[in-house]
Structures are given as C-alpha cells and as structure tokens.
Amino acid sequence: MIPISDNDPLPAKSECRGRLGAVHLLPVVALAVVGLLAACSQEKINTVSKVDRSNLPTMRTVSVSTLISDSGFTRYHITAPLWLMFDEAQEPHWDFPEGLDMVRYDNDKAEEATFRSDSAKFFNAKRLWRFDGNVRMRNVEGDRFVTEQIFWDQQKGKVYSDSFIHIERIDRTIEGVGFESNEQMTEYVIREVQGILPMPVRRDSAVQATSSALPSDTVLHDTVAVDAGASQRSRKQNKRES
C-alpha cells in the first residue's frame with residue numbers, strides 16, 4: 001500500500017468540486033426567489049383589476065339627519081337609517097335602501113309636504129327622486145296620498161306616477177291609476193279614476209251627488225283634473241247662500 005502524503009493533489013481536487021457545487025447552487029436559489037416574487041406580483045395585479053368601483057359606494061352613512069338647501073333656502077330635511085353615495089357609478093346616485101323620510105319647506109321654513117317610503121334613490125345629474133314601496137305623502141292642505149312608486153322631478157318641478165294611487169281629502173276619497181302633480185301636491189291630475197267616495201263629514205253636495213251615482217267598481221277612463229281648493233270655494237258659497 002502506498003501512503004498518501006500531505007502534498008498529494010487529490011484532496012485539493014475534491015475540495016474544488018465542493019466549491020463548484022456551491023457556486024452552481026446560488027443561481028438556482030436566486031432564480032427560484034425571483035420566480036416566486038414574480039408570481040406574487042402577478043397575483044396582486046389580477047386581484048386589483050377585478051374590482052369594479054362603480055358598484056362600490058364612495059360614502060356610507062348611518063342614522064342620517066341632514067338639511068338640503070336650494071337657492072339659499074333650506075328646502076328639505078332628510079332622515080334615513082342608511083345613506084349610500086355612488087359618485088363613481090355610470091349614473092351617479094344616492095341610495096336609501098332602508099327607507100327615507102323627507103320634509104319639504106317653503107321660503108319661510110314652514111312645512112309644505114312630507115314624503116315617506118320603504119326605499120328611495122336620487123339621481124344627481126337628473127335631479128330626480130324615485131320613491132318605492134309604501135309611499136306616503138301629505139301636502140300643506142292635509143291631503144294624504146298612498147302609492148307604491150312615485151317620481152319627483154326637481155328640474156321640471158313635478159311629481160308623477162304610473163302606479164295605483166289612493167288620495168284622502170277633507171271631503172272625499174279618490175282612487176285611480178296614473179298621477180301627476182306640482183311639487184306642493186296641491187294641483188294634481190289622475191289619468192284613470194277608479195272611484196270617488198265621499199268622506200263621512202264635511203262633504204259638499206256636488207261631490208255627494210257625483211259619488212252616489214257611481215257604483216264602487218266603476219272605472220272612469222277620462223282624464224280628471226282634481227282642484228284641491230274646490231271644496232273650500234264650495235263651502236264659502238254655501239255659507240253665503242245660507
């Protein structure tokens with residue numbers, strides 16, 4: 001057996017092979033880390049690109065109580081459990097999905113009308129309100145309106161609906177389909193009147209004669225304009241004649 005001396009080159013060659021293995025390992029680890037980072041970055045980009053901000057509210061407010069001014073006057077007082085604003089939607093709007101109460105004021109901040117509904121939307125560009133579900137309104141003269149859907153166009157200054165509507169006045173009850181009114185709800189038109197019933201008190205003779213001649217299921221297809229001040233004028237005339 002031939003002994004290996006300290007000057008034998010074999011250990012040096014073996015050590016060289018170990019160093020070469022370490023040198024080749026570092027690029028492999030580096031490439032793996034770079035690939036992992038690239039995969040993570042790509043995943044983040046895909047997640048962000050799927051977000052549609054037009055369907056997300058830009059503001060969410062609970063227990064709302066706010067005043068809205070128009071032309072320097074306080075016009076409306078709005079209260080609602082939830083108010084969502086969609087400013088980045090294709091058609092920017094406010095949404096009141098849990099219901100809304102609104103009071104309208106005149107220039108002297110006297111209450112003119114009230115609006116209540118199960119839900120409501122306001123379309124900013126059109127200045128158009130849409131009230132849905134159990135809509136109840138009251139005008140300054142005490143007339144009460146009940147319907148399932150109604151629109152309020154602030155640009156044109158009118159309120160309208162294509163739904164069935166029930167109106168309770170001081171002298172009579174009116175029901176029909178299709179409705180249009182001014183913003184104060186004092187001058188309105190019912191397109192298809194389905195019934196006119198006298199109230200048990202304070203009814204004038206003309207309304208009593210008309211309503212008694214109509215069966216309860218009578219449907220009138222003519223357009224009927226309802227003058228909210230007719231009953232007051234009739235009462236004054238009767239008083240003068242007596």
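Which residue lies over the face of Tyr 160? In this predicted model, that residue is Lys 158, placed at 5.2 Å from the ring centre, where a charge is taken to sit over a ring if NZ of Lys or CZ of Arg is within 6 Å of the ring centre and within 35 degrees of the ring normal.

Residues are numbered from 1 along each chain as its sequence is written, and side-chain values use heavy atoms, with hydrogens and water left out. Because the model is predicted, local features need pLDDT of at least 70 and side-chain atom pairs count only at pLDDT 80 or more, whereas totals for chains, interfaces and linings use all residues.

The protein averages a pLDDT (the predictor's confidence in each residue, from 0 to 100) of 73, and 61% of the residues score at least 70. Over residues 1-5 the pLDDT is below 50, and this stretch has zero contacts (heavy atoms within 4.5 Å) in the model beyond near neighbours in sequence. The pLDDT is also below 50 over residues 202-239, a stretch for which the model shows 49 contacts beyond near neighbours in sequence.

The secondary structure comes to three helices and twelve strands, with helices (H or I, at least four residues) and strands (E, at least two) taken as DSSP runs and numbered from the N terminus. Of the contacts with a separation of 6 or more, 42% are accounted for by residues 24 or more positions apart. The accessible surface, obtained by the Shrake-Rupley method with a 1.4 Å probe and, for residues, with only the protein chains shown counted as cover, comes to about 15,600 Å², of which 54% belongs to carbon and sulfur atoms. Buried residues make up 32% of the 242 residues in the protein, where buried means under 20% relative accessible area, exposed over 50%, and partly exposed in between (1.4 Å probe, protein chains only).

In soluble globular proteins, nonpolar side chains tend to be buried together. The largest nonpolar core here, a core being a set of buried Ala, Val, Leu, Ile, Met, Phe, Trp, Tyr and Cys residues joined through side-chain atoms within 4.5 Å, has 31 residues, and those with the most contacts inside it are Phe 96, Met 102, Trp 129, Phe 131 and Phe 179. Strand E2 (residues 73-86) supplies the largest share of this core, with five residues. When residues up to four places away in sequence are not counted, Phe 96 touches Ile 78, Ala 80, Leu 82, Trp 83, Asp 118, Ser 119, Ala 120 and Trp 129.

Rings of Phe, Tyr and Trp (its six-membered ring) are paired if their centres lie within 6.5 Å, with planes under 30 degrees apart counted as stacked, over 60 as edge-to-face and the rest as tilted; by this rule the count comes to 13 aromatic pairs. Tyr 76 and Trp 152 form an edge-to-face pair, at 5.4 Å centre to centre and with 80° between the planes. Tyr 76 lies in strand E2 and Trp 152 in strand E8 (residues 144-153), so this pair ties together parts that are 76 residues apart in sequence. Both partners are buried, Tyr 76 with a relative accessible area of 6% and Trp 152 at 0% relative accessibility. The rings of Trp 83 and Trp 94 have their centres 5.0 Å apart and their planes at 65°, so that pair is likewise edge-to-face. Trp 83 belongs to strand E2 and Trp 94 to strand E3 (residues 93-96), eleven residues apart, and Trp 83 is buried at 11% relative accessibility, as is Trp 94 with a relative accessible area of 15%. One aromatic cluster is formed by Tyr 76, Trp 83, Trp 94, Phe 96, Phe 115, Phe 122, Trp 129, Phe 131 and Trp 152.Positive phi values in residues other than glycine are found at Lys 109 and at Met 185, with phi near 60° for Lys 109 and near 60° for Met 185. Lys 109 is found in the loop between strand E4 (100-105) and strand E5 (111-117) and is partly exposed, at 48% relative accessibility. Met 185, in the loop between strand E10 (172-182) and strand E11 (187-198), is buried at 1% relative accessibility.

Two aspartates complete the description. Asp 143, in the loop between strand E7 (128-138) and E8, is buried at 5% relative accessibility, and its C-alpha is 5.7 Å from that of Glu 168, 25 residues apart in sequence. Asp 162, in strand E9 (residues 158-168), is exposed with a relative accessible area of 63%.
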